[in-house]
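Visitor: I've got a few questions about how the labels on a model like this one come about. Could you walk me through some of them?

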Amino acid sequence: MNSFKPQLNTDETRVREGFGIQGSDICVNLCPPVAFRTNHFRRTLVNWYRRNGRKLPWRETGDPYAILVSECMLQQTQVASVIPYYNEWLRRFPDFGTLARASESQVLRTWQGLGYYARARNLHAAAKIVQGRYDGILPRTIATMQKLPGIGRYTANAVATFAFDESVPIVEANTARVLARIFDLRERIDQMPGRELLWQRALSLVPKSSAHIYNSALTDLGALSCLPRQPKCGICPVKKFCRAKDPEALPLKKARPPTLRLTEHHAFVTRQKRILLQQSDHRWRGMWILPPLKRRSANRRPAYKSIFPFTNHRVALNVYAQRRQKIENRSQRWMRVNSLESLPVPSPHRRAIAALLSKRPG
Ligand code: SF4
């Protein structure tokens, strides 16, 4: 049963209640020859957001837990991919207490397919601390939030502004891109001086009240208009404030590391209605994978091949059907085929298992 009930204090409701901006409308540093009118910028941005902002499920709640879940899921992941996971997560784990009591296997199974599983493990660990130490209520202070596993500066500020409407900036991929272009920042934003400069610029613009609306608006400008490639400058609501001479070249970052190629060999071993699996202790720690082979089977062709990306790797997965019947180490188990749905299995291995099982006679 889903006991989670989104509160009806949506951004849209809050916007209708009015956007109270405080502070002077004067230039923020480095402005000559044209003054950067902060209040004017905010109002223009928020007016655009009122008409064009995205309706997202985590914007329909003020629940700090739900907002924290959304922020963890959104790290490195597109909004469209996150939405079904977010809804399912809240259905299964509607609050810190439910999540704290869940097993790691249940948590990883629910996260399965979203990738970067450390986020799920950290969220689980954070829930146990919040439940045990704070009676299931997320501490409001940013410094305390940052002591929880997986919660860094961005996530703590995002929860503070979206759940508690604190006047704090947020710097993530979308807002970083917008700010780097608006201010034509020539520092690399993935290195400390550039990163700090971004946070300072973000802080200089954030309003004292209704900061959550302004921050949502800045994020949506990056997601909808100020795109990484081919930004829509021609229809950008804040074009007159923007100093970028070559927007597509910004933000500056150091060159991406080259893609590394890896080949991995695994065994597909079945016995009656069971399959041999191994609990991973590194890349997919806690999840169940096909047992790894130290080297490929001599003179045999893989029964299944695929390629998948992993961080900056391109991994070739080769799976060999084997007759071996013995368990080779303590992390291996014979699992019932009909129990696979409830096990956390990383997507590349889940696809391999499904393909190979479908080829089995009977
Ligand atoms: S004018 Fe272009 S580069 Fe500047 S903020 Fe708007 S979309 Fe981004």
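Guide: Happy to, and bear in mind that this is a predicted model. Let's begin with Q272, which has 8 C-beta neighbours inside 10 Å.

Visitor: Why is Q272 called exposed or buried on that count?

Guide: A residue is exposed if 12 or fewer other C-beta atoms lie within 10 Å of its own. Q272 has 8, so Q272 counts as exposed.

Visitor: What makes the phi of Q272 worth pointing out?

Guide: Its sign. Most residues other than glycine have a negative phi. Q272 is not a glycine, yet its phi is positive, about 50°.

Visitor: Where does Q272 sit?

Guide: In the loop between β1 and β2 (274-279). Those two strands form a hairpin with two residues between them.

Visitor: How do you know that β1 and β2 pair, and in which sense?

Guide: Two strands pair if there are at least two bridges between them. β1 and β2 have two bridges, so they meet that cut-off, and the sense is antiparallel. One of the partnerships puts R271 with R274 in β2.

Visitor: What about β1 and β5, how many bridges join them?

Guide: Ten, and here the strands run parallel. β5 covers residues 313-322, and L260 stands opposite H313 in that strand.

Visitor: Which other residue that isn't a glycine has a positive phi?

Guide: D135, with phi near 60°. D135 is found in the loop between α7 (118-134) and α8 (142-145).

Visitor: Why is D135 called exposed?

Guide: The cut-off for exposed is 12 or fewer. D135 has 9 other C-beta atoms within 10 Å, so D135 is exposed.

Visitor: What makes the bond between L250 and P251 a cis peptide bond?

Guide: The omega angle there is about 0°. Most peptide bonds are trans. P251 is found in the loop between α12 (211-224) and β1 (260-271).

Visitor: Which residues are closest to the ligand?

Guide: C226, C233, C236, C242 and P247 are the closest of the 14 residues that surround the ligand.

Visitor: What makes C226 or P247 nonpolar or charged in such a tally?

Guide: Cys and Pro both count as nonpolar by definition, so that is the class for C226 and P247. The shell as a whole has ten nonpolar, one polar and three charged residues.

Visitor: And the chain overall, how many helices and strands are there?

Guide: There are 13 helices and six strands. Of the 362 residues, 33% count as buried.

Note on methods: Residues are numbered from 1 along each chain as its sequence is written. This is a predicted model: local features need pLDDT of at least 70, side-chain atom pairs count only at pLDDT 80 or more; totals for chains, interfaces and linings use all residues. A residue is near a molecule or strand if its C-beta atom, placed from the backbone, lies within 6 Å of it. Helices (H or I, at least four residues) and strands (E, at least two) are DSSP runs, numbered from the N terminus. A residue is buried if 20 or more other C-beta atoms lie within 10 Å of its own, exposed if 12 or fewer, and partly exposed in between; C-beta atoms are placed from the backbone.
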